[in-house]
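Visitor: I'd like to learn how to read a protein model feature by feature. Could you walk me through one?

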Amino acid sequence: MKPSLASVVSLAVVLLCFASQLHLLRADEDPLSSSSSSSSSSSSSSSCPPAGFDSISNFNLSAWTDHPWFIQEQMANAYQKPPFYCVRASYTPQEGGKEVRVFNTASLGGVNGTQQNANDMFLKAVVVNGSKLAVGPEFIPQEMYGSYWIVFAGPDEDSYDYGIVSGGPPKNSGDDGCIAGSESEVNEAGLWLFTKDPVPEPGMVDMLREKATELGFDLSVLQNVTQEGCEYPPIPV
């Protein structure tokens, strides 16, 4: 399939952002780089991420990858801008249980809009530690991957019907909680509310929002994802 101009531009933006984020992450690892941090980021680090913040324990990767996930609300990022339609994430575990192929889809402009992932590009998720994964395009070094933390999932370890994913720990202070990264970033950024069904049962999204608040997130970054009326493309084998 010949890639569309929009797809090529989107991919270029993603790669540029990944490269810039890798530079920033490496700078953060250097103790000397802390002197160049702004006073605002220094002050926010004392309260964000919240004390004791972590991804979930006793994570079951097989249950998490057992079915596609449909995003109900999410934070914008460098490669996805609102309005959001038909956002879906599908996962296929690979042999050995330490890597997962990721196939994300979304519609642009409406439920019948152009597919954002028109090139059928796969990402790869690597298990870093339990429910902490790192995700990025398959063709770039894993050192350039971004954090993907499952911070809430249920109703139990053997069957996940809902979940909350964060782009790593939320280190930035917002007006009413903590935020992982910013809308202009790819790595170490983002917040997503997942459900097993495209249109979940009443009250489920409200429950996820309440849980996200309990975890210390600023919900003002979340925007609605329209799922009703969507037709999803097949998942390539």
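Guide: Sure. Keep in mind that this is a predicted model. Let's start with one residue, E99: its relative accessible area is 29%, so it is partly exposed.

Visitor: Which residue does the side chain of E99 meet in a salt bridge?

Guide: The partner is K124, with N and O 4.0 Å apart. E99 belongs to strand β3 (residues 99–108) and K124 to strand β5 (residues 123–129), so you should read this contact as a link between distant parts of the chain, 25 residues apart.

Visitor: And K124, buried or exposed?

Guide: Buried. The cut-off is under 20% relative accessible area, and K124 counts as buried because its value is 17%.

Visitor: How many salt bridges are there in the structure?

Guide: Five. Another one starts from β3 too: R101, in that strand, pairs with E138, and their closest N and O atoms are 2.9 Å apart. E138 sits in the loop between β6 (132–137) and β7 (146–156), and 37 residues separate the two partners. Both ends are partly exposed, R101 with 25% relative accessible area and E138 with 34%.

Visitor: Where do K211 and E214 lie?

Guide: Both are in helix α4 (residues 204–214), three residues apart, which is about one turn of the helix. Their side chains form a salt bridge, at 3.6 Å from N to O. On accessibility, K211 is partly exposed at 24%, while E214 is exposed at 61%.

Visitor: Back to β3. Which way does it run against strand β2?

Guide: Antiparallel. Strand β2 (residues 84–93) pairs with β3 over seven bridges, and P93 stands opposite V100 of β3. The two strands make a hairpin with five residues between them, where G96 takes a positive phi near 105°.

Visitor: What other strands pair with β3?

Guide: One is β5, antiparallel to β3 and joined to it by four bridges; here V102 has L123 as its bridge partner. Another is strand β4 (residues 114–115), also antiparallel to β3, with two bridges, and there L108 stands opposite T114. β3 and β4 form a hairpin as well, with five residues between them, and G109 in the turn has a positive phi of about 85°.

Visitor: What should I keep in mind about side chains along a strand?

Guide: In a regular strand they alternate between the two faces of the sheet.

Visitor: Now, how would I look for empty space inside?

Guide: Roll a probe the size of a water molecule over the atoms, and you see where empty space is left. Here the count is one cavity of 30 Å³ or more, and the volume of the largest cavity is about 40 Å³.

Visitor: Which residues line the largest cavity?

Guide: The lining is made up of W64, T65, Y91, V100, V102, A125, L133, V135 and Y148. β3 turns up again: β3 and β6 each supply at least two of the lining residues. By character, the lining has eight nonpolar residues, one polar and no charged.

Visitor: I spot aromatic residues there. How do I describe a pair of rings?

Guide: You give the distance of the centres and the angle of the planes. The whole structure holds 12 aromatic pairs. Take F59 and Y160: their ring centres are 6.1 Å apart and their planes at 10°, so this pair is stacked.

Visitor: Why does the pair of F59 and Y160 tie together parts that are apart in sequence?

Guide: Because F59 lies in the loop between α2 (39–44) and α3 (61–64), whereas Y160 is in strand β8 (residues 159–166), 101 residues apart in sequence. Both are buried, F59 with a relative accessibility of 16% and Y160 with 3%. They also belong to one aromatic cluster, formed by F59, W64, W69, Y160 and F194. You've met W64 before, in the lining of the largest cavity.

Visitor: One last residue: where does G229 lie?

Guide: In the segment after β12 (222–226). G229 counts as exposed, with 52% relative accessibility. To compare sequence with space, look at G229 and P198: they are 31 residues apart in sequence, and their C-alpha atoms are 9.5 Å apart.

Technical notes
Residues are numbered from 1 along each chain as its sequence is written. This is a predicted model: local features need pLDDT of at least 70, side-chain atom pairs count only at pLDDT 80 or more; totals for chains, interfaces and linings use all residues. Side-chain values use heavy atoms; hydrogens and water are left out. Buried means under 20% relative accessible area, exposed over 50%, partly exposed in between (1.4 Å probe, protein chains only). Two strands pair if DSSP finds at least two bridges between them. On a 1 Å grid over the protein atoms alone, a cavity is a set of points where a 1.4 Å probe fits but cannot get out, and a pocket is an open set with protein on both sides within 12 Å along at least five of seven lines; lining residues have an atom within 4 Å of a point. Grid points are joined across faces, edges and corners, and a volume is the space filled by probe spheres set on the points. Ala, Val, Leu, Ile, Met, Phe, Trp, Tyr, Cys and Pro count as nonpolar, Asp, Glu, Lys and Arg as charged, and the others, Gly among them, as polar. Rings of Phe, Tyr and Trp (its six-membered ring) pair if their centres lie within 6.5 Å; planes under 30 degrees apart count as stacked, over 60 as edge-to-face and the rest as tilted.
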